[in-house]
Every structure is written in structure tokens, then in C-alpha cells.
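Please examine the sheet, the helices packed on it and the unusual backbone sites of the structure below. A short report is wanted, with a table where like items can be set side by side.

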Amino acid sequence: MSKNWRPATQLVHGGTLRSQYGETSEAIFLTQGFVYENSEAAEARFKGETDGFIYARYGSPTNDMFEKRMCMLEGAEDARATASGMAAVSAAILCQVKAGDHIVAARALFGSCRWVVETLAPKYGVECTLVDGRDLANWEKAIRPNTKVFFLESPTNPTLEVIDIAGVARLADQVGAKLVVDNVFATPLFQKPLELGAHVVVYSATKHIDGQGRCLGGVVLSSKEWIDENLHDYFRHTGPAMSPFNAWTLLKGIETLPLRVRQQTDNARRIADFLAEQPQVARVLYPGRKDHPQSDIIAKQMSGGSTLVAFELKGGKEAAFALQDALEIVSISNNLGDAKSLITHPATTTHKNLSDEARAELGISAGTVRLSAGIEDGDDLIEDFAQALRGVKA
């Protein structure tokens with residue numbers, strides 16, 4: 001297969017394996033185990049002397065196709081598909097640390113990601129320092145002799161802050177640490193963390209990659225050396241493997257990723273511009289707008305905006321709830337990256353477990369709302385927001 005294929009072609013044909021029947025659509029291999037021709041063949045496969053599958057918890061033909069397709073898109077050497085996005089995040093971080101090690105993470109993280117580094121890792125003797133990731137000086141000040149992992153998401157959830165990935169990667173290289181980047185909000189179409197110097201990339205495939213609200217999934221991508229040395233045994237023995245059925249579903253979803261993301265991004269940009277002109281809205285945060293606080297970094301590391309829009313209503317929680325309840329097309333849901341437009345109130349959903357002080361540090365107020373733009377007609381979405389805002393006080 002040609003590695004020079006452009007993304008839209010890679011996502012239809014990359015990594016495809018066909019059985020002896022020559023099927024057009026990828027086959028689902030719903031099997032737990034695999035049969036060997038003889039005892040010697042089984043021994044050779046377990047020794048790693050011959051290629052082939054051993055057990056579905058380790059890998060399967062369907063999962064292998066999904067992993068290879070993601071590698072082509074991301075520019076990674078190897079990948080492991082996991083049961084969910086959080087399984088991918090947990091595996092990517094925990095597989096490479098031990099008691100006495102130290103993690104530096106951006107404080108602007110999805111709630112469950114923050115729990116892994118701030119609450120779970122310390123239970124096993126791994127220290128964590130959270131920093132305001134927007135300033136490289138904060139990363140540098142947090143480094144200790146035992147720092148092994150840097151972790152960030154960019155753009156961040158839910159306020160769409162952008163972090164200088166290349167800058168953080170340089171700091172990680174200086175101290176021999178590994179930078180893990182959660183690239184969900186940018187999608188692999190708009191940002192390539194490995195090209196910017198990151199060592200590991202993680203995705204919740206539940207989001208844009210499926211993009212139709214059907215299944216959970218995640219993926220960890222890196223060099224073959226890093227996966228062999230760190231993730232391989234962790235993955236085999238702790239069992240976060242993706243179901244082959246979900247891998248097949250994600251293969252079908254990823255075929256249309258460029259088409260969906262293009263429409264979603266166009267809708268998000270138009271809605272952001274519309275909201276910025278409304279008297280009920282205090283501020284709009286969108287990576288495609290010139291007034292974004294990190295627009296200079298965006299220009300360097302992102303090739304497109306985002307399918308997400310964050311905005312703040314002047315009337316706080318009451319205004320946010322009134323807007324959400326009045327929308328007719330846009331559904332209230334904490335998911336994102338779906339073909340359907342979805343909206344959520346982070347302070348009472350995805351980030352409700354954070355303290356008031358922690359939410360304030362992240363820029364999440366009672367009036368903060370996060371929109372995930374879908375693929376509907378953009379004019380219909382703007383008209384929906386217009387009618388819903390009529391019931392919100394300025």
C-alpha cells in the first residue's frame with residue numbers, strides 16, 4: 001500500500017485485509033482464539049518466531065486493520081486499539097511509570113483524564129504536578145529529576161485552550177521524558193502531534209472516528225520501539241482490548257471522517273461567528289477565530305479549526321439551561337464529534353466533580369457552554385440558536 005496516499009484515500013483503503021472470499025467491506029472476525037496447524041506452529045507463534053494471531057485480547061484481524069489505518073493517518077509506526085478513550089489514556093500513561101516517578105500534566109484536562117493523573121497515579125506512588133499548560137515556563141518549572149511523563153490535550157476540553165506541543169516536546173526531550181498528547185478535539189486531520197515532537201498520541205475513537213454515536217473505542221499510537229518496550233506487556237496482561245465488532249464499526253466510521261469533519265468544522269465556525277455577535281454571549285472561544293488567545297500557536301500547529309465551540313452566556317447557569325432547553329435541533333449530550341449537533345453545560349456534567357476553584361482556574365463558569373457541531377445544514381443550526389437565544393436575557 002502506498003504511504004503517499006492522502007487522508008481521504010487512506011481512510012477508505014488503509015490496512016485492509018481480505019479473506020479468501022474477497023469481500024468488499026472488511027470482515028468481522030468474532031473469535032476469541034485461533035487454531036494452529038500443528039504443535040510446532042503454536043510454539044513458534046508464542047515465541048514470536050512467526051507472525052499471526054494468538055488470542056483476541058492480544059489482537060485480531062479486524063482490530064489489526066483499524067490499528068493500521070490509524071497508523072497511516074497519524075504517521076505512527078504502531079498502535080493498539082482499546083475498549084474506550086479512557087482505556088487508551090490510562091494505558092498510555094500508566095504503562096510507562098512506576099512508584100517514585102513524576103508526571104507533569106496540563107491542568108486543563110477532561111475530568112476523567114485529570115482523575116487518572118491527579119488521583120489514581122498517586123495511589124501507586126507516582127507523583128503529579130498540574131500546570132497552566134499555556135505557558136512553557138510553567139512546564140519547565142515543574143520538572144523534577146524523576147519526571148518521566150508530560151501529558152496534555154490541545155485544544156482543551158471544554159474551553160479550547162491551545163498548548164504549544166512542539167515547545168513542550170522539546171522540554172520533554174531535554175529531560176528524557178515522554179510527551180503524551182490527547183488529540184481528540186483537533187482530530188488527526190487538523191493536528192499531527194508526532195510530527196510536532198510528541199512521543200505518544202491517544203484518541204477516544206468514540207468521538208469523531210465513529211462519529212455516529214454507536215460504540216466506544218480508543219487507540220494509542222507511537223513508535224514501535226515505545227509500544228514494544230512499554231505498552232505491549234501492559235496491554236496483553238491488563239486486558240483493555242477493543243471488541244472486534246467495535247473495531248469493524250470504527251472502520252466503517254473512519255471511511256467518512258474527512259467528509260464529516262469538514263462539514264462539522266464549517267458549521268462550528270459559522271456558529272462561532274454568529275454567537276460572537278449576540279448580546280447574550282459574553283465571549284466565544286473557537287480555534288478558527290482571530291480573537292482566540294493562542295491564535296499564533298494555532299497558526300503554527302493546526303491546519304484547521306475544530307468541530308467544537310465554547311462560549312459563555314452572561315446570564316450564568318440559568319441562561320445556559322434556558323438556551324439548551326430551547327434548542328430544537330441541537331441535543332443535550334455530553335458526547336462530542338457526532339454527526340448530530342450536541343451541547344453540554346460542563347459545570348454540571350463533564351467537569352462537575354471539580355471544585356469551584358478548579359473550574360475557575362480552567363475558565364469554566366456557570367455560563368460556559370460547549371457545542372459539538374454536527375453535519376446538519378448550517379443555516380438550520382444558526383436559525384435554531386437564534387430562536388433559542390430569544391428566550392435568554394442579554
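The report below takes the sheet, its helices, the backbone and the cysteines in turn.

This is a predicted model, in which local features need pLDDT of at least 70 and side-chain atom pairs count only at pLDDT 80 or more, while totals for chains, interfaces and linings use all residues. Residues are numbered from 1 along each chain as its sequence is written, and side-chain values use heavy atoms, with hydrogens and water left out.

## Sheet

Helices (H or I, at least four residues) and strands (E, at least two) are DSSP runs, numbered from the N terminus. Two strands are paired if DSSP finds at least two bridges between them. On these terms an open sheet of seven strands is formed, with the order E1-E7-E6-E5-E4-E2-E3 and mixed pairing. The edges are taken by strand E1 (78–82) and strand E3 (127–131); each has a single partner strand, so one side of each is left without a neighbour in the sheet. From one strand to the next the twist averages 20°. Axes are lines fitted to C-alpha atoms, for helices over the stretch in contact, and angles run from 0 to 180 degrees between N-to-C directions.

Strand E2 (residues 102–106) pairs with E3 in the parallel sense, over five bridges. Within this pairing, valine 104 has threonine 129 in E3 as its bridge partner.

## Helices on the sheet

Contact means heavy atoms within 4.5 Å. Helix H4 (residues 85–94) lies across E1, E2, strand E4 (147–153), strand E5 (178–182), strand E6 (200–204) and strand E7 (218–222), and runs at about 160° to E6. Helix H9 (residues 224–238) also packs on the sheet, where E1, E5, E6 and E7 are touched; the direction of H9 makes about 25° with that of E1.

H4 and H9 pack against each other at an angle of about 120°, their axes 9 Å apart. The two helices are therefore oblique to each other (angles under 35 degrees count as roughly parallel, over 145 as roughly antiparallel, 65 to 115 as roughly perpendicular and the rest as oblique). In this contact Ser90, Ala91, Ala92 and Leu94 of H4 meet Trp226, Leu231 and Tyr234 of H9.

## Backbone

Two cis peptide bonds and two positive phi values are listed here.

| Site | Feature | Value | Place |
|---|---|---|---|
| Serine 154 – proline 155 | cis peptide bond | omega about -10° | proline 155: loop between E4 and helix H7 (165–175) |
| Asparagine 157 – proline 158 | cis peptide bond | omega about 10° | proline 158: loop between E4 and H7 |
| Leucine 160 | positive phi, not a glycine | phi about 60° | loop between E4 and H7 |
| Threonine 187 | positive phi, not a glycine | phi about 65° | helix H8 (residues 187–190) |

Buried means under 20% relative accessible area, exposed over 50%, and partly exposed in between (1.4 Å probe, protein chains only). Leucine 160 has 0% relative accessibility and counts as buried. Threonine 187, at 1%, counts as buried too.

## Cysteines

A disulfide is a pair of cysteine sulfur atoms within 2.5 Å, and a search of the whole structure finds zero of them. For cysteine 113 the closest cysteine sulfur belongs to cysteine 128, and at 12 Å it is too far for a bond. Cysteine 113 is buried, with 1% relative accessibility. For cysteine 215 the closest cysteine sulfur is that of cysteine 71, 18 Å away and likewise too far for a bond. Cysteine 215, at 11% relative accessibility, also counts as buried.
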